[in-house]
Amino acid sequence: MNILEKLNWRYATKHFDVNKKLSKEQLELIKEATNLTPSSFGLQPFKIIIIENNDIRQKLQEAAWNQPQTTDASHLVLFAANTHLSSDDVEAFIKLISEVRNVPVEALAEYDAMMKGSIAAMSQEEATNWAAKQAYIALGQLMVTCAVEGIDTCPMEGFDKKAFDQILDLPSKNLTSVVMAAVGFRSSDDKYQHLPKVRKALDDIIITI
């Protein structure tokens, strides 16, 4: 596999083949790979919401200025940030580390205190913005994974986040919409797939010190 070939093949798909769906195996792979995304402290302060329900997606399309990707793609993946990060989240994470690595919780006290101190130092708005940044890293990992697997994506910020939150009842889950990706397979009539990728020359974007 040549990763550069895969990334050049990838583009922000505008028109999806409505008749072509992800297999169960492909969807599970995407879930697993996205869950492996690195995040600050490893806390994963966001949720990955996979939307398959057609009725809900019709409502979301209206809140996304009728962009066809929201309903035409096989799946819609929304990343939502935790709006109420607290010491409870840290304690749950410490417990998970203890279980997975077979380490006593007491041995993680310094890490526990450091994370709690960092979160306590942020306002709730700052903490939510920080969580949203982590969600963008996950979006990137999802897109690269899909490119490697020959699956198309379209990252999307153009939607009414408050409307999405209401439709999906996210406030009750202490979540707020951040960004999403339509995931599926390109339509043969999507003209954008034939356009050469436009990027700055390496010398124009990379600074080596």
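Okay, quick definition before anything else: when I say buried, I mean under 20% relative accessible area, with exposed being over 50% and partly exposed in between, using a 1.4 Å probe and protein chains only. On that scale, 40% of the 209 residues of this protein count as buried.

Housekeeping next. This is a predicted model, so local features need pLDDT of at least 70 and side-chain atom pairs count only at pLDDT 80 or more, while totals for chains, interfaces and linings use all residues. Residues are numbered from 1 along each chain as its sequence is written, and side-chain values use heavy atoms, with hydrogens and water left out.

Right, the overall picture. We have nine helices and four strands; those are DSSP runs, H or I of at least four residues for helices, E of at least two for strands, numbered from the N terminus. Going along from the N terminus, the order is α-α-β-α-α-β-α-α-α-β-α-β-α. The C-alpha atoms fill a box of roughly 60 × 45 × 35 Å along the principal axes. For contacts, I'm using heavy atoms within 4.5 Å. Take contacts between residues at least 6 apart in sequence, and 80% of them join residues at least 24 apart. About 12300 Å² is exposed, and carbon and sulfur atoms supply 53% of that; areas are Shrake-Rupley with a 1.4 Å probe, and for residues only the protein chains shown count as cover.

Now the sheet. It's open, four strands, in the order E1-E2-E4-E3, with antiparallel pairing. Strands E1 (46-51) and E3 (152-156) are at the edges with a single partner strand each, so one side of each has no neighbour in the sheet. From one strand to the next, the twist averages 25 degrees. To call two strands paired, DSSP has to find at least two bridges between them.

So what about E3: is it enclosed or open to the outside? Four of its five residues are buried, so E3 is largely enclosed by the rest of the structure. E3 pairs with E4, residues 175-184, in the antiparallel sense over five bridges. If you want to find the register on screen, Cys 154 has Ala 182 as its bridge partner in E4, and Met 156 has Met 180.

Helix H2, residues 24-35, lies across E1, strand E2 (75-82) and E4, and runs at about 170 degrees to E1. Those axes are lines fitted to C-alpha atoms, for helices over the stretch in contact, with angles from 0 to 180 degrees between N-to-C directions.

Next, charges. A salt bridge here is a side-chain nitrogen of Lys or Arg within 4 Å of a carboxyl oxygen of Asp or Glu, and a search of the whole structure turns up four. My favourite to show is Asp 152 with Arg 186, at 2.7 Å, N to O. Asp 152 is in strand E3 and Arg 186 is in the loop between E4 and helix H9 (202-205), so this pair ties together parts 34 residues apart in sequence. Asp 152 is buried at 3% relative accessibility, and Arg 186 is buried too, at 17%.

Keep that spot on screen and look at Thr 13, in the loop between H1 and H2. Thr 13 is buried at 0% relative accessibility. Which residues does Thr 13 contact, leaving aside neighbours within four places in sequence? They are Gln 69, Asp 152, Thr 153, Cys 154, Arg 186 and Asp 190.

Back to salt bridges, this time inside helices. In H2, Lys 31 pairs with Glu 28, the closest N and O atoms being 3.1 Å apart. Those two are three residues apart, so about one helical turn separates them. Lys 31 is partly exposed at 36%, as is Glu 28 at 34%.

In H6, residues 109-120, Asp 112 and Lys 116 are four residues apart, and their closest N and O atoms are also 3.1 Å apart. Asp 112 is buried at 15%, whereas Lys 116 is partly exposed at 24%.

Last stop, the surface. Met 1, Ile 3, Leu 4, Leu 7 and Val 144 make a nonpolar patch of about 470 Å². Patch residues have over 30% relative accessible area and no salt bridge; like charges are joined within 9 Å, and nonpolar side chains (Val, Leu, Ile, Met, Phe, Trp, Tyr) within 5 Å. Helix H1, residues 3-9, gives the most to this patch, with three residues. Ile 3 is in H1, and Ile 3 is partly exposed at 35%.
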